Amino acid sequence: MVTIVGVRFRKAGKIYYFSPGDLKIAAGDGCIVETARGVEYGEIVIAPRDVPAGEVVQPLKQVLRNANTDDYERLEANKARAQEAFQIAIDKVAEHKLPMRLLEAEYTLDDSKLIFSFTAEGRVDFRELVKDLAAIFRTRIELRQVGVRDEAKIIGGLGSCGRALCCATFLGEFEPVSIKMAKEQNLSLNPSKISGVCGRLMCCLKYECQAYEDNKQAFGKCCKGAPVVVDEFYNEMEEESDYYDDLLQEDSIKEVDYQMMVETAEIEKNTTEESKNPPRRTSRPKKKRKPKAPEEKPVVKKESEQSASKPTGENAPKRRRRPRRRKPKAKPENKDE
């Protein structure tokens, strides 16, 4: 077993392992370590712990010392100087008319090196630029070309979800992402919807990919519109001896009137048929209705007038009786001999 600590040199940067030695270090403390770029300041993100020797690349470099007040002051001064150097380098790039875009400038803690990060579509001949920068800053100059994903990590920004970019907040290393991951998650294959601000596939496609693969192994592929049923699970449950006994004892099972169920089914069937076959309406020209003539109200006479108008006595005409209709005689039935 080997005792190691995890050191990170920038926010959301890669974690490097170092040997703490006899120093008392805890997570969140600052430390001074020696790297391939020189003496640098780092932050402890993994507290001292023992890991198998096979998981660590030997030999491990040792932490030099804990960071003190002078180191923090020097770190802030180097950041201010790096900003000035960045502006001067931009002017020099424009002067030499180089097809490159500077991203940041960084001083090492011991001022032994000034590192510039840039992006470009192809290879750039920046030898004359390095000579001019070395003459101005009187230190060793290093120009480092990075990709588009590293560019988004350095600059930062907001993703399509509305939150800060994952690579600029917590992702230490970039993991490979493929279009197959989007297909397995049934996502739209429109490049504008599954690409990040860097123009490459979004890193978050990797987050749930393993969960989808595990579900497909357990449940199988699902056809469109068909529910997923796992036969093994139901077979195991039905093989139990008391499966149906427990089912019949549930409170949710109650007696149901069969006749009522039949009637409701018929009513639902009729309503669905009526809704599917609505009555056809024929479009006929509407006839214009003639205005009705005002009806004449019958004049009601008084009893005295009625009695005066009716003839009385001998002059009164006799009422004729209507002749009664005779019923036809029934025809005699011809009896066959």
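How many nonpolar, polar and charged residues are in the lining of the second largest pocket? By class, that lining has 10 nonpolar, 3 polar and 8 charged residues. The model you are looking at is predicted, and this briefing walks you through its two largest pockets, beginning with the largest. Rolling a probe the size of a water molecule over the atoms shows where empty space is left.

**The largest pocket**

- The space in the largest pocket comes to about 1,000 Å³.
- Its lining is made up of 31 residues, and those closest to the pocket's centre are Phe9, Arg10, Gly13, Lys14 and Tyr16.
- At least two lining residues come from each of β2 (15-18), β6 (101-107) and α3 (148-155).
- The top contributor to this lining is β2, which gives 4 residues.
- Sorted by class, the lining holds 14 nonpolar, 4 polar and 13 charged residues.

**The second largest pocket**

- Here the space is about 650 Å³.
- Lining this pocket are 21 residues, with Phe9, Arg10, Leu75, Lys79 and Glu106 closest to its centre.
- Two or more of the lining residues come from each of β4 (38-51), α1 (69-96) and β6.
- Helix α1 gives the most to this lining, with 7 residues.

**Names to look for in both pockets**

- Phe9 and Arg10 are listed among the residues closest to the centre of the largest pocket, and also among those closest to the centre of the second largest pocket.
- Strand β6 supplies at least two residues to the lining of the largest pocket, and two or more to that of the second largest pocket.

How values were computed
Residues are numbered from 1 along each chain as its sequence is written. This is a predicted model: local features need pLDDT of at least 70, side-chain atom pairs count only at pLDDT 80 or more; totals for chains, interfaces and linings use all residues. Side-chain values use heavy atoms; hydrogens and water are left out. On a 1 Å grid over the protein atoms alone, a cavity is a set of points where a 1.4 Å probe fits but cannot get out, and a pocket is an open set with protein on both sides within 12 Å along at least five of seven lines; lining residues have an atom within 4 Å of a point. Grid points are joined across faces, edges and corners, and a volume is the space filled by probe spheres set on the points. Ala, Val, Leu, Ile, Met, Phe, Trp, Tyr, Cys and Pro count as nonpolar, Asp, Glu, Lys and Arg as charged, and the others, Gly among them, as polar.
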